[in-house]
Amino acid sequence: MEKQETTLKEYIKGNKLDIERLIEQYYSYVYRIIKSTKSVGIVEEDIEEIISDVFLAIWKNSANLTASIRVKPYLGGITKNVIRNKYRKTTMHCSISDYEEHLVASHELEMIIEEREQNEIIKGALKMLKLEEYQIFIAFYYENKKVKEIAKILGISESKVKVILHRVRKDLKAYLKKGGYSYERE
């Protein structure tokens, strides 16, 4: 047997809505509705404001409420309307001057794009390395570890670390050149 859904009649005492009891029992329900709204990125501070607005709207309209109104659908509808109205009023006012410091010159953009492409090529090359070669390369170039430290960690000689680094650099240069990039020191 299904439980009959709660109506506002249970929250009306002597022609007056017991808003405190309603808030106490349905605060978390309204909170969950707001959190499940995926159309806008709602921050925690906005959630509290929206919950207050929902219960304020009910309190202001309490004289016009019908006792037979089912609580959950009513709260859900009001909550969705409050969210919609809040973000409908919110407009973005932007000026190009707000973003001038973030604008990148086209030659800088080309450099950034080229650097990303090179990084992707390097990632591809690194996937082809043996595990030991990969560990040494990452430790040296990305973790800024010294040759001596790498040798100690891996339990190999310093000269072996240097040889592997030399060979991996040589292979990466060839791989980059094959991909259309050349490496030249300035």
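This is a short tour of two helix packings, two nonpolar cores and one buried threonine in a predicted model.

Before you start, note that the model is predicted, so local features need pLDDT of at least 70 and side-chain atom pairs count only at pLDDT 80 or more, while totals for chains, interfaces and linings use all residues. Residues are numbered from 1 along each chain as its sequence is written, and side-chain values use heavy atoms, with hydrogens and water left out.

**Stop 1: helix 1 and helix 2**

Select residues 19–36 (helix 1) and 44–60 (helix 2). Helices here are DSSP runs of H or I with at least four residues, numbered from the N terminus. The two axes come within 10 Å and cross at roughly 135 degrees; axes are lines fitted to C-alpha atoms over the stretch in contact, and angles run from 0 to 180 degrees between N-to-C directions. Helix 1 and helix 2 are therefore oblique to each other (angles under 35 degrees count as roughly parallel, over 145 as roughly antiparallel, 65 to 115 as roughly perpendicular and the rest as oblique).

Now show side chains. Helix 1 contributes residues including L22, Y26, V30 and I34, and helix 2 contributes residues including I47, I51, F55 and I58; contact means heavy atoms within 4.5 Å. By class, this contact has 15 nonpolar, no polar and three charged residues (Ala, Val, Leu, Ile, Met, Phe, Trp, Tyr, Cys and Pro are nonpolar, Asp, Glu, Lys and Arg charged, and the others, Gly among them, polar).

**Stop 2: the largest core**

Next, pick L22, Y26, I34, V54, F55, I58 and L75, the residues with the most contacts inside the largest nonpolar core, which has 24 residues. Such a core is a set of buried Ala, Val, Leu, Ile, Met, Phe, Trp, Tyr and Cys residues joined through side-chain atoms within 4.5 Å. Helix 1 gives the largest share, seven residues.

**Stop 3: T79**

Move to T79 in helix 3. At 0% relative accessibility, T79 counts as buried (under 20% relative accessible area; exposed is over 50%, partly exposed in between, with a 1.4 Å probe and protein chains only). Beyond neighbours within four places in sequence, T79 contacts V30, I33, I34 and V54.

**Stop 4: helix 6 and helix 8**

Finally, select residues 131–141 (helix 6) and 158–178 (helix 8), whose axes lie 10 Å apart at about 90 degrees. These helices are therefore roughly perpendicular to each other. Look for I136, F137 and F140 of helix 6 and I164, L165 and V168 of helix 8, among the residues in contact.
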